[in-house]
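Reader: Mind walking me through this one? I'd like to go strand by strand and then check the cysteines.

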Amino acid sequence: MQHHPSSLPRRRMLAGSASALAAAGLASFQSQALAQTAAPAAPAAKPLTGYASFKNADAVIVHSSTTIETKRSAFGSSVVTPTNQLYVRNNLPTPPESIVADRDAWKLQIDGVKKPRQLSLAELKTMGLETVTMVLQCSGNGRGFFPSKPSGTQWTVGAAGCVVWSGVPVREVIKALGGVADGMVYMTGTGGEVLPAGIDPKTVMVERSVPLAAMEDALLAWEMNGEPVSLVHGGPLRLIVPGYTGVNNIKYIKQLAFTAKESEAHIMSHGYRISPPGSKGDPSQPSVQEMSVKSWINSPIPEDGNQAAGKVQIQGVAFGGMNAVKGVEVSTDGGKTWKQARLIGPDMGKYAWRQFVLQAELPKGTYRLASRATDDKGNVQPETRGENQSGYNNTSWADHAVTVTVA
């Protein structure tokens with residue numbers, strides 16, 4: 001599962017050598033000599049380090065140590081995204097590796113129920129078991145398509161994946177603790193990251209509130225894609241809220257509380273809000289929570305180079321967020337005309353994505369390929385993005401379209 005091409009360390013060494021030349025004042029001389037014959041070199045790939053060193057370097061784009069994107073070309077034609085290709089987005093530095101040394105000893109405090117108590121992961125494992133396949137997607141996936149270039153990682157499509165989670169249903173745990181206390185209308189999860197000393201915890205802590213109804217399908221998950229949840233993805237225990245964007249799926253969860261009000265943590269009250277362009281987030285604005293219908297094409301794409309004329313399998317992924325995908329249409333002319341694609345592969349539940357394919361006969365020329373999904377409630381993927389300050393929730397089919405050349 002771990003793959004690191006032998007040429008990668010050498011590429012990094014050469015990149016480092018180029019930096020050394022620049023520092024010595026030699027790079028400008030070299031560039032003048034080559035300016036007439038050579039195109040500018042591509043930026044050196046950033047290395048995978050620490051907790052994410054197991055990722056497949058050929059399948060990901062490293063934006064930073066806490067933001068890693070799956071390449072569009074790496075999604076392939078299977079439903080489940082391999083763990084070593086799945087994107088990474090952490091709001092705070094990762095807790096120490098020691099928290100996964102004895103996973104069963106991890107403690108979760110549960111409040112806002114009739115019998116509040118602390119439970120170990122070992123105890124949680126005795127209270128129930130369920131598996132769900134769901135799309136995990138960063139709220140900013142597609143931000144890179146906003147012309148305004150909002151601040152934050154410029155994700156295109158790769159801050160998403162389809163993942164299998166196993167754990168105990170939250171509803172079973174709460175049932176064993178006497179049920180939710182009266183008057184509680186939110187489920188609030190708190191992450192177990194180590195917070196900087198000397199500052200108000202609410203300014204940096206990862207704590208998110210979702211409507212109480214989300215409890216019905218939520219899991220306290222200790223397994224991901226058949227293996228214990230890795231530290232980089234929130235192990236030893238992660239709150240999984242199917243249909244909701246990634247930030248609501250709390251990593252290293254240490255407290256699950258049922259509350260009468262939303263969390264006052266900044267990441268809830270002001271962060272991840274759908275704010276008009278030019279404004280700052282505040283509690284009056286919609287919170288980034290439920291996902292909606294979306295799709296994109298993964299093949300063919302410009303990175304593949306020119307396509308041969310003839311039959312082409314246009315394929316990609318589609319999901320409905322809170323609803324199942326009903327169908328997908330594909331256009332080869334930028335949305336002027338559409339043809340019904342075929343859903344392929346196993347249906348792994350309403351929260352999972354579906355693979356789709358359209359076989360097309362494409363003569364020589366340039367084509368704008370787009371996909372447009374519809375969920376089982378009749379919601380259709382929109383043509384345009386919803387403009388907002390932080391570049392959240394981009395489901396525009398026009399933004400996600402690709403231009404390919406058939407030679």
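Reader: How many bridges join strand S16 to strand S20, and which way do they run?

Author: Keep in mind that this is a predicted model. S16 covers residues 325-331 and S20 covers residues 365-375. One pair to look at is Glu329, whose bridge partner in S20 is Arg372. The two strands run antiparallel, and the number of bridges joining them is 6.

Reader: Which strands stand at the edges of the open sheet with the order S17-S16-S20-S21?

Author: That open sheet is built from 4 strands with antiparallel pairing. A strand with a single partner strand has one side left without a neighbour in the sheet, so it stands at an edge. That applies to residues 339-340 and to residues 402-406, which are S17 and S21.

Reader: Now S13, please. Which strand pairs with S13 in the antiparallel sense, and over how many bridges?

Author: Two pairings of S13 (residues 253-259) are worth a look. Strand S4 (residues 107-111) is joined to S13 by 3 bridges and runs parallel, with Ile110 opposite Leu256. In the other pairing, Thr190 stands opposite Gln255 in S13. That antiparallel partner is made of residues 186-191 and pairs over 6 bridges: strand S8.

Reader: What joins S1 to S2, and through how many residues?

Author: S1 (residues 60-64) and S2 pair in the antiparallel sense over 4 bridges. Within that pair, Val62 sits opposite Ile68 in S2. The connection between the strands is a hairpin, and it goes through 2 residues.

Reader: And S3: which of its residues stands opposite Thr67?

Author: S3 spans residues 88-89 and is joined to S2 by 2 bridges, running antiparallel. Opposite Thr67, the S3 residue is Arg89.

Reader: Are the faces of S2 covered or open, and which residues tell you that?

Author: S2 is residues 67-70, so we can go through its two sides using the cut-off that buried means under 20% relative accessible area. On one side, Thr67 and Glu69 are buried. On the other, the buried residues are Ile68 and Thr70, and both faces count as covered.

Reader: Last one, the cysteines. Do Cys138 and Cys162 count as buried or exposed, and how many disulfides does the structure hold?

Author: The cut-off for buried is under 20% relative accessible area. Cys138 has 7% relative accessibility, so it counts as buried. Cys162 has 0%, so Cys162 is buried too. As for disulfides, the number in the structure is 0.

Key
Residues numbered from 1 in each chain as written. Predicted model: local features only at pLDDT ≥ 70, side-chain atom pairs only at ≥ 80, totals over all residues. Heavy atoms only, no water. Disulfide = S-S within 2.5 Å. Buried < 20%, exposed > 50% of the residue type's maximum accessible area, 1.4 Å probe, protein only. Pairing = 2+ DSSP bridges.
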